[in-house]
Amino acid sequence: MTDYSLFTIPDFDANDYANAILAGEPYPQVHQTQYAKPRTGAALESAKEDISVAISKLDLSIEDVSKQIKSLVTAHHEELLQRAAGVNNLSGSLTSVRRGLDDVDASLEKLRQKIRVPYQTLETSAIRLQRIRQASDALRRISRFVVLSRRLETQMFELATFDKSGTAEKKKPNDSEGLSADQQDDKERIIAKAALTIAELGSLLLIVHSHQGALLDGPEETGDTPGKDSSETDDRTAPAMDSLVPLRSVKAAAAHIPFIEEAHSKVTHEMESMIMTGLSTLDQSLLASSLQTAYNLGALPTLILGLSRDLCDAVEERIRTAFDLSRISKEVVSKENVPSSQGLLYKSRVRTEPTNITAPQWTAALWARLESLIEEMAACCIKVYTLEKVLKLKKDPITQRSFLDDVMKYLKVLENKPSSTFWTSLGRSLEKYARDAAKGSTFLQQTLSSGYPRLLRLFHEFFAKIAVHTDTIYTQSQQSPETVLVLRALSTFEALYLSRSTTRLNEAVSQAFAGGSRAPPGANEGVAIARVVMNELDSARFDPLLMLAVARNVGAALDGATMRAEGLISSDRSVVMLIGLMATPQQILNGQVATCLYYCWTNLEKIAEEHTESAASLVRPGVKKLHDTYDSIVDPLLTAIRRELASIVSRLHRVDLQKAMGPMAGMAGPSLYMKDLADKLNYVKTQIFTNFSSDRTTRVLSIVKYVIRIFVLHASIAKPLGESGKLQLTTDMTELEFALGAPLLFLDTASLASPAHAANLPPLIVLHHILVRSPLPLPHIMHGWQEAEYVRWVEEHRKEDAWGLVEAALVGKEGDMLTYDPSTALVLLSFSSHGLLVDVSLVIDPDAVLSTVKWGGTLDPSVDYNWMHERKAWVWVMGWLERSEVGRVCAFL
């Protein structure tokens, strides 16, 4: 069978085989080989042979096949006969089966007639019902459309009536407002109703598929209907279910479409006009009506998105214009009135940088533009917040959702609130154009960095203007994130300003320590550093954020000053040595540095009182370091002084305090140790403490208290102690008193007015002592009191009352003013036959004395000058008198 495999292919075609032989091509073709078994070489070459040879082969093959069949039938004829007999028996069985199948077909046909005919009837009725419903819905929509169209015509007629009324009112010479408030409210209400009508009409015109599922509620097609192809059923019902009847194809509805479109355009125009008017006048009721109209029209999301973008774009454009130097140049040039002839007119190119001559005009124009920018930014910000406030208040009457939530959460048109979008856009625009301006113009960089506080004050005005309409806060204690975002956009100019501030602080520190150890800083340098620090803090105190930034720089500058001071401080043994007649150079150097530190930190201690706690907390560590450095200089020296004085006082126990005293012996002189103690105290006072001009009183008092305590402790344990020893201790105590401080009784009169001698004494005691040395009566004598009564009265009353009593006692010795010379500030007083010239240039109120000279002949309105013109006016002079060498003329000391 291998030779005949070609003829056993399932797709064998005799014609194709013959054509292949005639054409000399192989058979089967390539695409047919997958169905055939691989042929032998003889079979493949058969098609290439001659036709006669192929026919001969076919004949031989046919004869061969016939012989094989004959031999096969001869060999199996018995089995074939048995199979033929079985086929005859089977044909009878098949006949009975066929008869049963015919019965089944008859029953099936009867059943089909009972089911298919009702189904086809039902299908036809369902399609008819669908079409009736479709027609009914079309009629219903057409009816509603016509009713709404007529309603819209009425509303537009009423709106046109208001427009005519408003136009007539505006034409009146004495009325420029147009419609009244009630008429305006009615007009807004009609516009909102018309918008709702137009929106419903638009929805009717656009309905094609939206109500398809509700209308087509007939039985579903499953495609399982017997005897009927499902595709045929779908083809029959598809046109009816595909779409509803569009109203635009209905002539009755199409006739109203042009009017509806015109009304939509007019209502949209009125709505946009109301929006613009409401935003410009901040009329929330008008905004609410216009937004309701937009919501009814279905245009609210698009409107809000457009308004937000327009306001942000307007602010960005205004910021770009404010920093545009070419516009500033044109503005300055346009203001210059330079005459020029028409023939010789020369137009120079626009400058982008001012010259030294035009710099003031450019600066004024820049600040004017920035002030205008702040005004427009505030106006836009207020509009955004007003719009957002109205969106929050207005709600959908059905869902009770606010318009803002509806636009953001459900429609998802806006990603953020309009206010958040505005602040983000404002900060981004400010940062971009400020950075570009600083990079591209030296003039803008210098002007806005040096005038950064002025720029900040402009933004403070901006925050103050919007604070009433927004929820932004910018105070010393609290700053809203929006305000911080805007100010961070100015970080370029803030960094330049802080750099200059840091330079001023560092220069002050460098100048103070420029002399090094040869010319160490002193009180003036310490005050200078503190003054620069306070000036920088005062310049930034109006802004909390700038204040914190400057305070950080101040802390760094004070740390630098501390390091410079520590580099000058000497720490060798000679600093605490108290040997010799003069202070060592190291002590003088440390005293100067300590004085500088003292005056610096004492002046800076007031920062906590004058500035916020947050700023003071940044400066306080630097001030504390100054104080600690000062203490590191003073404390070792004070410890050495106390140790030296204690060593001298301890020599008290070497004195013989029990020797016998003769009957004629008087008071002995001070002991040797007491003389040494007095000399050492004088050395400390005149040589050591004079180098420390700061806080001298406190240190002196601490040493005095320490010496007294140490002396009393040593005296209390002196043993053995006799009568002569007691007298010796008394003498030593007297010497110690004089050494610690000269008593009031032994001071000369001139020293009583010196702060060095009387600063630590009660003022009332000093006044008493002055009165005792003068011929003036004491207060208790003026009132006729005994001394005990006066002392008891002073103890029971305030010190101010006691001072007033002394002043009242002095009134009895007033003088009559004869004349006053403002150029020399001399007053001539008369006391009966005596005269007195008094120099009043050093009185408490110098303006009252020298005002006519100070004001150039124009009197200061805040000062009472009647005493200058009244003859015999009373003038109170407190002091003491000494007769001069000139004669009767006395001078006031």
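Helices are DSSP runs of H or I spanning at least four residues, and strands are E runs of at least two.

**Figure 1. Overall content of the predicted model.** By these criteria the protein contains 34 helices and six strands. Of its 893 residues, 37% are buried. Among contacts with a separation of 6 or more, 73% join residues that lie 24 or more positions apart. The protein exposes about 52,600 Å², and carbon and sulfur atoms supply 56% of that area.

**Figure 2. Leu282 in the loop between helices H9 and H10.** Helix H9 covers residues 257–281 and helix H10 covers residues 284–297, with Leu282 placed in the loop between them. Leu282 is not a glycine, yet its phi is positive, at about 55°. Most residues other than glycine have a negative phi. The relative accessible area of Leu282 is 30%, so this residue is classed as partly exposed.

**Figure 3. Gln400 in the loop between helices H13 and H14.** The flanking elements of this loop are H13 (359–393) and H14 (403–410). Gln400, also not a glycine, has a positive phi of about 60°.

**Figure 4. Helix H16, its N-terminal cap and its packing partners.** Ser441 caps the N-terminal end of H16, with a side-chain oxygen 3.4 Å from the backbone nitrogen of Phe443. Phe443 is itself buried, as are Leu444, Thr447, Leu448 and Ser449 in this helix of residues 442–450. The buried residues of H16 pack against H12 (325–335), H13, H15 (418–440), H17 (452–467) and H19 (491–512). Helix H13, one of these partners, also borders the loop that holds Gln400.

Key
Residues numbered from 1 in each chain as written. Predicted model: local features only at pLDDT ≥ 70, side-chain atom pairs only at ≥ 80, totals over all residues. Heavy atoms only, no water. Buried < 20%, exposed > 50% of the residue type's maximum accessible area, 1.4 Å probe, protein only. Contact = heavy atoms within 4.5 Å. Areas by Shrake-Rupley, 256 points an atom, 1.4 Å probe, with all protein chains shown as cover. Polar contact = N/O pair within 3.5 Å; in protein donor to acceptor, adjacent residues only side chain to side chain.
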